[in-house]
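Thank you all for coming. Please take a moment with the sequence and the structure on the screen, and then I will walk through the ligand and a few of the elements in the chain.

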Amino acid sequence: MHKKLFIPGPTEVVKEVRDAMACEMIGHRMKEFSELYNQVIPKLQQILYTKNRVLLFTSSATGCMESVVRNLSNKKTLSCMCGAFSDRWYNIAVANGKKADPLKVEWGYAIKPEMIDEKLKTGEYDLVTLVHNETSTGVKNPIEEISEVMKKYPDVIFAVDAVSSLTGYKLEVDALGIDVILAGVQKCFALPPGLAVMTVSQKAAQKAKTVENRGYYFDIVDMLKYDEKGQTPSTPSISHINALNVQLDRMLAEGIENRFARHKKMSDTIFNWAEEKGIEKFPEKGYESWTVVTLKNNRNFNISELNKELGNRGKTISNGYGKLKDITFRIAAMGDLTPSDINELLNDINDILKI
Ligand SMILES: *Cc1c(COP(=O)(O)O)cnc(C)c1O
């Protein structure tokens, strides 16, 4: 039996999109490919509220994260760290021999604008990496306020990992002054894993040209050169790009604002249920994610047993991430799930736990 995915990625993929993965193949140097590419990019620009170029990466989102630290810093990176994925970005910088300093808060807490301001005042940094929605803790960082601080430092590149929020939460990339925003398509985009998207501002494009040893596969300068021709430097996952085109049409048909509202409604439903059942929120108050609802396991449920029973009913949720495994559990409200899916899930949980 298929288990409906209420986990923070990969998410459920609707049949129309799965079918689009099984398209007839075209060559990536054929005009048919550039036509497809040139349909996809403007839709992405519309949905991400940007005039910047959007690059397609045939990799998971981690590939984009590596590209950012290799391509966009020749001084030092300020790595904002508040959980496993933001920690990963720092580790990637170090693994690539780049200079990076941690700006670290305890898991469950958000990065505050004044913390970044304090660090940037030193003038030591040319890149800030920030995870918008920290999937391991369910914390949504205050990106609107942080973006105001970033505007004081026009020489610093502002890079945002929005893997678990992009298209589920309104992120107006240009208005927020985000130079680079990235996401894998297996989360709120609701496509199969294996493709990632990343916007690149003029400023970031110029910066990349000044950086040595940008690597080869994800060299932004090279990717932008091919982008001008409606191509990618190497053979991309054409099936994914075809499916992305179909999914972007579905998003536009739903209405992108409606899509954000649906995500909010789903998470509100989960939070209300939790409150009613005496289940506490894990994140710091006011910074709770709308897409990865992370709850404290303060009632000491056996989450693996619960998940086994849910599995028998064709559903699955997530336990806590890493060191939070038994302390929290997570219900993702992402992609193409609907409020009625969430209601059904919560009814099953009530029934199984007799709460
Ligand atoms: C899932 C996730 C990643 C990693 O994405 P991959 O596509 O598995 O490489 C990075 N950051 C965040 C916030 C995520 O949720």
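Let me begin with the shell of residues around the ligand, which by class consists of five nonpolar, six polar and three charged residues. I should say straight away that this is a predicted model, and I will try to word things with that in mind.

Which residues come nearest to the ligand? Of the 14 residues around the ligand, the nearest are Ser 60, Thr 62, Thr 135, Asp 161 and Lys 187. If you look at the side chain of Thr 62, you will find one of its N or O atoms 2.5 Å from an oxygen atom of the ligand, and for the side chain of Thr 135 the corresponding distance, again from an N or O atom to a ligand oxygen atom, is 2.4 Å. Gln 186 also takes part in this picture, with a polar side-chain atom that lies 2.7 Å from an oxygen atom of the ligand. As for how the ligand is covered, on its own it has 390 Å² of accessible area, and the protein covers 90% of that.

Now, where in the chain does this shell come from? Two helices, H3, which runs over residues 61-71, and H4, which runs over residues 84-95, each supply at least two of the shell residues, and H3 gives the largest share, namely three residues.

Let us stay with H4 for a moment, because its length can be checked by simple arithmetic: at 1.5 Å a residue, its twelve residues should span 16 Å, and its end C-alpha atoms are indeed 16 Å apart, so the two agree. The buried residues of this helix are Ala 84, Phe 85, Ser 86, Asp 87, Trp 89, Tyr 90, Ile 92 and Ala 93. Just after H4 you will come to Gly 97, which takes a positive phi of about 70°.

Finally, let me turn to what the record says. The UniProt entry, which is unreviewed, carries the annotation "domain: Aminotransferase class V" for residues 23-271, and over those residues the chain is 42% helix and 16% strand, with its end C-alpha atoms 40 Å apart. The same kind of record, also unreviewed, lists Arg 330 under "binding site". In the model Arg 330 lies in strand S14, residues 328-332. Is Arg 330 buried or exposed? Its relative accessible area is 6%, and because buried means under 20%, Arg 330 counts as buried.

Note on methods. Residues are numbered from 1 along each chain as its sequence is written. This is a predicted model: local features need pLDDT of at least 70, side-chain atom pairs count only at pLDDT 80 or more; totals for chains, interfaces and linings use all residues. Side-chain values use heavy atoms; hydrogens and water are left out. A residue is near a molecule or strand if one of its heavy atoms lies within 4 Å of it. A polar contact is a pair of N or O atoms within 3.5 Å; within protein, one must be able to donate a hydrogen and the other to accept it, and residues adjacent in sequence count only if both atoms are side-chain atoms. Accessible areas come from the Shrake-Rupley method with a 1.4 Å probe; for residues, only the protein chains shown count as cover. Helices (H or I, at least four residues) and strands (E, at least two) are DSSP runs, numbered from the N terminus. Ala, Val, Leu, Ile, Met, Phe, Trp, Tyr, Cys and Pro count as nonpolar, Asp, Glu, Lys and Arg as charged, and the others, Gly among them, as polar. UniProt positions are given in the numbering used here, feature names are shortened, and annotations may be inferred rather than shown by experiment. The expected span of a helix is 1.5 Å times one less than its number of residues. Buried means under 20% relative accessible area, exposed over 50%, partly exposed in between (1.4 Å probe, protein chains only).
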